[in-house]
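The exercises below are meant to be worked with the sequence and the model side by side. Try each task before reading its solution.

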Amino acid sequence: MRRANVMAGVILAVFGLVMLVIVIPRQIGPGPDGMMSPSLVPSMMMIVITALSLILVISNIRARPVDARAEPAAPISRDEILALVRILGLFAVALGLHLWLSPLAAGFALVAGAQLVLGERRPLLLILVPAGFLGAIWLLFYKLLGTAIL
Amino acid sequence: MDYMIVGFQDVLNPTTLFWVTAGVTLGYVLGALPGLGKATGVAVAIPMTFYLDPTAALGMLIGIAKGSGAGSAVSAILLNTPGEPSSAPTALDGYPLARQGKAQKALKMGLYASVIGDLLSTLVLIMLAAPLARYALLIGPVELCAILLFSLTFIGGLSGSSMTKGMIAAAFGVFFATIGMETETFVPRLSFGLLELDDGLSLVPLAIGMLAVAEMIVQAGNIKALDHESAQIVDGAAREDRIITRDEWRRSIPAILRGTVIGSIVGILPGLGASVGSFISYGATRKASKTPEKFGTGMIEGVAAAESADNAVVPSSLIPLFALGIPGSVIAAILIAAFILHGLTPGPLMFVQQPRLVAGVYASMICASFIMLAIGYFGQRLFALVIRLPLRHIIPGVLLLCSIGAYMDTNSVFSIYVMLAFAVIGFFARKLDFSFVTFLIGFVIGPTLELTFRQSLQLLDHRTVNLVHHPIAAAFILLTLLTVVWLGRGNGRRVGMAPAVAAVPGLDTTPGDTTEIKRED
């Protein structure tokens with residue numbers, strides 16, 4: 001975790017500096033005369049984040065090194081990263097279908113795709129589960145609540 | 001009192017009761033499923049309540065929060081894997097009871113303790129919130145700014161393994177709240193030319209992304225271990241072991257009352273949350289017992305102590321929200337969005353401006369407690385079956401609901417982009433132990449914090465020394481500094497909790513729990 005903390009601290013400190021020096025001055029214009037700058041609080045928060053990130057880095061570097069065997073495994077496992085990439089990819093496909101085909105196709109693809117990604121291979125369930133979810137949502141919104149989602 | 005009668009009249013009709021029941025049932029199921037807590041349930045359900053009348057909508061959401069608190073005991077007892085971290089101490093004695101073939105007895109005690117704790121804590125909320133709100137009306141911008149700063153520091157320091165990380169998360173929350181049009185100067189901030197960002201980021205897709213989608217991704221990455229846990233359910237309740245005997249009631253009632261008091265106090269204090277309440281209650285009951293050495297081997301009062309405190313926290317955590325408008329927990333932060341959406345702005349003025357709706361909320365909370373008892377009693381066997389469902393069928397459905405929920409917030413795909421962006425942030429926050437609870441609370445109180453900060457600067461004429469004219473504000477600033485020093489020196493949150501958590505077998509096999517246990521609900 002120490003290594004992860006140092007890396008996270010460095011990334012956040014750099015992010016904070018970039019926001020302070022480049023993004024905030026370009027993205028927040030000056031306010032009217034006599035009023036407080038609109039960038040006051042965002043800048044303050046970025047200063048706090050940068051300073052605390054540096055503290056996080058320094059405190060973790062200075063912390064007593066522990067036995068490598070006692071150090072817990074990396075905080076994020078390979079399976080979790082794969083799950084993140086796959087689910088985001090799935091959302092990308094579903095959003096594409098939503099924009100270019102239909103929301104129904106997007107919903108079906110999202111549920112069936114997630115089942116596939118998570119290891120379901122039985123064709124019947126790959127059809128029935130998305131159909132069941134979409135049917136239940138139609139029932140809830142269009143019949144029970146009496147309103148359209150789209 | 002008159003308003004309470006009207007409130008009950010508003011709630012005791014078939015439509016409202018149906019939605020409160022639906023909320024409790026949904027919450028019970030979500031609570032029983034490991035990793036899907038009350039915050040996730042409420043965040044996903046908010047858009048579904050858009051078209052309900054305010055009393056039914058708020059009753060349903062509160063029903064989800066309450067049902068989830070009680071439902072989390074089911075998996076703690078049957079699987080040794082708490083549905084929510086706050087039920088971890090329930091597993092200490094509940095699981096041994098289940099292994100002795102007394103699962104039904106443990107489940108029933110968990111339910112009764114939950115209902116009693118929840119109901120009594122609701123009464124505490126009703127009695128305390130309005131009187132406290134009268135004093136809150138005397139608070140000016142300088143005092144409010146100092147109180148918000150203190151709350152954020154306190155929560156940031158407590159909800160995570162590192163105060164530095166908690167404070168970073170809080171600062172990020174406030175920072176993201178500044179996106180959009182600035183309210184005084186009407187200058188767009190960090191909107192990158194996108195019209196969708198001119199109104200700022202909406203809490204609903206942000207919370208759905210951080211809480212629900214991120215949790216689903218974490219669970220998807222650990223699906224084999226989680227499904228293996230589900231397959232290990234012990235299902236052996238002998239007939240004679242299904243009821244709670246008179247002697248067990250006699251031993252459990254003091255534990256339930258103690259747990260209710262502890263849970264109510266812990267709930268009022270911002271940032272501590274249900275996990276702290278249930279662990280303290282369990283520890284206190286063990287200490288008060290004549291046979292403390294038997295705890296952990298299947299003592300029914302251990303289940304009673306943990307569950308009563310766990311469920312007492314939810315209603316009492318609404319006291320700072322109702323009295324001061326300050327969310328003390330993530331569930332309170334999310335409920336703010338729902339309250340505002342349905343015309344009830346949490347804070348001292350709501351008792352003056354919307355007394356009928358407030359009474360309706362109170363009445364629905366009381367009704368939800370009794371509905372929880374009925375649902376839990378008759379549905380316990382069914383809920384025990386629900387947690388056998390493989391996650392590969394649950395996660396896709398939750399992802400679909402998340403997408404619909406985010407989309408419905410603005411009727412725009414942009415909300416889904418926001419949800420996904422914050423799902424990624426939430427995923428890394430979970431894994432790297434940056435408290436997203438503090439982030440969400442920072443995001444919710446950010447606009448008020450900024451406004452009161454600006455007003456304070458003007459009222460104080462930009463001179464710190466003028467704080468002497470605002471002793472309450474000065475006291476809270478001093479408390480903030482003391483909190484930073486105290487927490488920073490000891491890094492002393494969760495003292496004594498970690499060993500207890502580590503003692504819960506099964507917790508470490510559930511990734512959702514190992515990360516959740518440090519944060520607040």
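## Exercise 1: A helix with a bend

Helix H20 (residues 436-459) of chain B has 24 residues, and the 33 Å from its first C-alpha to its last is close to the 34 Å expected at 1.5 Å a residue. The model is a predicted one, in which local features need pLDDT of at least 70 and side-chain atom pairs count only at pLDDT 80 or more, while totals for chains, interfaces and linings use all residues. Residues are numbered from 1 along each chain as its sequence is written, chains are lettered from A and ligands numbered from 1 in the order in which they are written, and side-chain values use heavy atoms, with hydrogens and water left out.

Task: find where H20(B) bends, and describe the residues with positive phi on either side of this helix.

Solution. Begin with the terms: helices (H or I, at least four residues) and strands (E, at least two) are DSSP runs numbered from the N terminus, and the expected span of a helix is 1.5 Å times one less than its number of residues. The bend at a residue is the angle between axes fitted to the seven residues ending there and the seven starting there. For H20(B) that angle is about 50° at B:Ile445, and a proline, B:Pro447, follows within four residues.

Next, look beyond the helix. H20(B) is followed by B:Asp461, whose phi is positive, near 60°. In the loop between helix H19 (414-431) and H20 of chain B lies B:Asp433, which has a positive phi of about 65° although it is not a glycine. Most residues other than glycine have a negative phi. B:Asp433 counts as buried at 12% relative accessibility, where buried means under 20% relative accessible area, exposed over 50%, and partly exposed in between (1.4 Å probe, protein chains only).

## Exercise 2: Two enclosed helices

Task: establish how helices H3 and H9 of chain B cross, and which residues of the two helices meet.

Solution. Start with burial in helix H3 (residues 38-45) of chain B, where eight of the eight residues are buried, so that the helix is largely enclosed by the rest of the structure. H9(B) can be treated in the same way, since 18 of its 18 residues are buried and it is therefore largely enclosed by the rest of the structure.

Then consider the form of H9(B): its 18 residues should span 26 Å at 1.5 Å a residue, and its end C-alpha atoms are 25 Å apart, which agrees. There is nevertheless a kink of about 35° in H9(B), centred on B:Gly209.

For the packing, fit the axes as lines to C-alpha atoms, for helices over the stretch in contact, with angles running from 0 to 180 degrees between N-to-C directions. The axes of H3(B) and helix H9 (residues 203-220) of chain B come within 9 Å and cross at roughly 145°. Finally, list the contacts, meaning heavy atoms within 4.5 Å: B:Ala39, B:Thr40, B:Ala43 and B:Val44 in H3(B) meet B:Val204, B:Ala207, B:Ile208, B:Leu211 and B:Ala212 in H9(B).

## Exercise 3: Three buried positions

Task: describe the surroundings of B:Gly23, B:Ala70 and B:Lys105.

Solution. B:Gly23 belongs to helix H2 (residues 14-32) of chain B and is buried, with a relative accessible area of 0%. Leaving aside neighbours within four places in sequence, B:Gly23 is in contact with B:Met60, B:Gly63 and B:Ile64, and its C-alpha is separated by 7.4 Å from that of B:Gly67, 44 residues apart along the chain.

B:Ala70 sits in helix H4 (residues 54-79) of chain B and is buried, with a relative accessible area of 3%. With neighbours within four places in sequence again set aside, the contacts of B:Ala70 are B:Tyr28, B:Ser114, B:Glu307, B:Asn311 and B:Met372. B:Ala70 and B:Gly376 are 306 residues apart in sequence, yet 8.1 Å apart in space, C-alpha to C-alpha.

B:Lys105, in helix H6 (residues 103-136) of chain B, is buried with a relative accessible area of 5%. A polar atom of the B:Lys105 side chain lies 2.9 Å from the backbone oxygen of B:Ile243.

How values were computed
A polar contact is a pair of N or O atoms within 3.5 Å; within protein, one must be able to donate a hydrogen and the other to accept it, and residues adjacent in sequence count only if both atoms are side-chain atoms.
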